[in-house]
Amino acid sequence: MATPWSRWAAVAVAAIVCGTAGPGAAYASAPAERELPSAEQRDVAIDASVAGEFPASAGPETRMSVLVTVGAPLTDLADVSASLSVTDAPLESAEAIESFVKEPASTVSHAVAASPVTASSGATAPAPGTLKVGTSTTVALSAAPGSLGLPADAWGVYGVTVSVMVGQDMVWSAASPLTWQPTLVPPLDVTVVASISGPNERVASLLEAAGDERVALLVDPSALTIGQRLSLDRREAYILPAGNLDITSVAHAEAPALLDAALAESRRHSTLAWLAVAASADDATAALATNAGAVAVLADPRWSGEAGSASSVVTAVAVDELKLAPIILPDPDLSATLASQPPAQPATTARVLAVAALKAGSGDGSVVVAPGDGWVVDGTQQSRAVEMLLNAPFVTARPLTVALSAPNRPSLDLPDTTPSAADAGSNQAVGAISALDRLNVMATAADSPSAMVADARRAVFDAMSLADRADPERRAVEFADAADRANAVINTVAVTSGNTLNLVSSSGDVPVTVRNDLDVPVTVRVAMMSRSPVLVTKAQPTATIAAGSETTVLIPVSAVSNGDVDVTVALRNKEGQTVAVAQTLRVKVRAQWGNAATGVFTAGLVVLLIAGIVRTARRGRKDTRVRPTDSADVAGASDADA
């Protein structure tokens, strides 16, 4: 038997075929012995849709009305009528409701209201049942109280069909269940739990749909704005691991570090308790979540299949003396109905209420409804279906905290593990851990938060999300893209020096160029390690490189002899973790060249100094020598002057 979730595609197709998807063109159906009209036979084409919603419930004192809009887009039509009918027998299950909505003509019904469809297009009143081309009209099909022909002493779920006829041919129909309540439906406690994760627009749409404060929220806080996180103070809310991580895949891959990383990311944004949403209720998943501190494990009905228990919350049998967190088992039929029916469908609210009534009638007593992160919403308003469900006279809204604290929960022995082809696998889990670890190191080297690092981390978490179990091939592609994106960010800070460097003295500085293509400055310690005793590094200098720039860092070294030495250059953060992959460079050490040059230069200076001294001495002796003088008196001088 197909599960409710596997029937989503069939329901969508049926909605279009049967008209429950809203307006659409339809053609007259011929008797069995006649062929259906071809595309060229446009004389019976109409546009029809239910205006507003089907009534969700009714009673003996209720007037039931449905509005249907009918138009003639291609040609004039005559003898057009609309009718409202109700099934003779009740619909006993969610499967019966789906079958009826898909093919209402296959269920025996009786008419309760009918009306000609007439649209005027001028001053002259047209004949009843006439539609001129290009005109449309809305007809009210109304059944007076007590005229539905349903039992007066027993509640039940029946089917309602709206049909449009041209002559004797039914050209369009739409169907919906109706909860008939001449007596009280058995009471039902309902807990609605909405998962909020995904891109920003999707998160906003889900929050809007789950706006009823009686709905418990499971949120990925890393995907919420500050305002959205602040609004959680007024709600019963729990956090999810970043990206709504597929913790079942993590458990089956035995990679708890990935869950730790996702929870650490969520806890950066919120201190709320966390609740695990799992694809499988097995011991491996429950133990992983329990060890990580989850208050409960919700088994997503899309993947976990049938509940295996009549209770919505159970106590799992302990694993190796580990007391497991409570297991929440949402009702698969009601969860799938709420999740899959578009809000604009006229029958959506009625279908949700009808399935809930059947659950109440089966004696369930309480249910958890979890549409999951695949919930179909329009993003503009609160869910009418949720509002109608929680306001139903037989329903009592039950907070999740009350459901989790209920005493005397039944015990359930979970399977050890349930491997699935939809699991991400150990290769992806280990690859995600590696990418996240390196991105974390890059983040510690950044002088301020980097949007590039944050986006790369988010891409890795999203590629491991629970929602991606629906398409493992797409997930593999998304993970490969996320890994490439992470590697690109990791490689934004790197050594860009050439492969060969020269050192022409026994000591000096080796220049190393570091490039930073990150969006924020980074501070790194440049660590050079020699692979030979010929060259010894003296220090590991620290440098700050501005965003989008490069800097030359001088590494002090000393050499004891000549030779070619391979060195590794790594960029590390202040904790010593490697920021950039170590690169191997070759340093050509020519220490004696520098010593010889220094000796020659020094010797030259000595020679020049000596030469200068000698020359100065010789000049000094020549300039101070006394020449012979004449004995004649100097003119104007006499002994008296002495």
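Start by selecting Asn408, which sits in the loop between α12 (400-404) and β19 (411-412). What you have open is a predicted model, so take the tour in that spirit. Is Asn408 buried or exposed? Asn408 is exposed, with a relative accessible area of 76%. Now check the backbone: phi of Asn408 is near 55°, a positive value in a residue other than glycine. That is worth a look because most residues other than glycine have a negative phi.

**Zoom out**

Show the whole chain for a moment. You'll find 16 helices and 28 strands in the chain. Of its 642 residues, 47% count as buried. Take the contacts with a separation of 6 or more: 73% of them come from residues 24 or more positions apart.

**Another asparagine**

Next, select Asn244. Where is it? Asn244 lies in the loop between β12 (237-239) and α5 (247-252). Phi of Asn244 is near 50°, again a positive value in a residue that isn't glycine. The surroundings are another matter: Asn244 is buried, with a relative accessible area of 2%.

**Step across to Ser197**

Keep Asn244 on screen and add Ser197, since Asn244 is one of the residues in contact with Ser197. You'll find Ser197 in the loop between β10 (188-196) and α3 (200-209). Its relative accessibility is 6%, so Ser197 counts as buried. Which other residues does Ser197 touch, leaving aside neighbours within four places in sequence? Select Arg202, Val203, Leu206, Asp220 and Asp373 to complete the set.

**Thr290 in helix α7**

Move on to Thr290, in helix α7 (residues 283-291). Thr290 has 16% relative accessibility, and that is under the 20% cut-off, so Thr290 counts as buried. Once neighbours within four places in sequence are set aside, Thr290 is in contact with Leu322, Lys323, Leu324 and Ala325. Try the distance tool on the last of these: the C-alpha atoms of Thr290 and Ala325 are separated by 5.5 Å, although the two residues are 35 residues apart along the chain.

**A pair of helices**

Now select residues 451-463 for helix α14 and residues 472-490 for helix α15. Two packed helices are described by the angle between their axes and the distance between the axes. Here the axes come within 8 Å and cross at roughly 160°. That makes α14 roughly antiparallel to α15, and the crossing is left-handed.

Turn on the side chains to see who meets whom:

- From α14, pick Met452, Val453, Asp455, Ala456, Ala459, Val460, Asp462 and Ala463.
- Facing them from α15 are Arg475, Glu478, Phe479, Ala482, Arg485, Ala486 and Val489.

How many nonpolar, polar and charged residues are in this contact? The residues divide into 10 nonpolar, no polar and five charged.

Stay on Asp455 in helix α14 for a second. Asp455 is partly exposed, with a relative accessible area of 39%. Between the C-alpha atoms of Asp455 and Ala482 there are 9.7 Å, and the two residues are 27 residues apart along the chain.

**Finish on a sheet**

For the last stop, bring up an open sheet of five strands, in the order β21-β28-β27-β23-β25, with mixed pairing. Select β21 (500-503) and β25 (542-545): each stands at an edge with a single partner strand, so one side of each is left without a neighbour in the sheet. From one strand to the next, the twist averages 35°.

Then narrow the selection to β21 and β28 (residues 578-589), which run parallel and are joined by four bridges. Two pairs to pick out are Leu501 with its bridge partner Val587, and Leu503, which stands opposite Val589.

In a regular strand the side chains alternate between the two faces of the sheet. Which residues of β21 point to which face? Leu501 and Leu503 point to one face and are buried, while Thr500 and Asn502 point to the other and are not.

Finally, add helix α13 (residues 426-445) to the view. Helix α13 lies across β23 (522-530) and β28, and runs at about 75° to β28.

Key. Residues numbered from 1 in each chain as written. Predicted model: local features only at pLDDT ≥ 70, side-chain atom pairs only at ≥ 80, totals over all residues. Heavy atoms only, no water. Pairing = 2+ DSSP bridges. Axes fitted to C-alpha atoms, helices over the stretch in contact; angles between N-to-C directions. Contact = heavy atoms within 4.5 Å. Parallel < 35°, antiparallel > 145°, perpendicular 65-115°, else oblique. Left-handed = near helix turned anticlockwise from the far one by under 90°. Nonpolar A, V, L, I, M, F, W, Y, C, P; charged D, E, K, R; others polar. Buried < 20%, exposed > 50% of the residue type's maximum accessible area, 1.4 Å probe, protein only.
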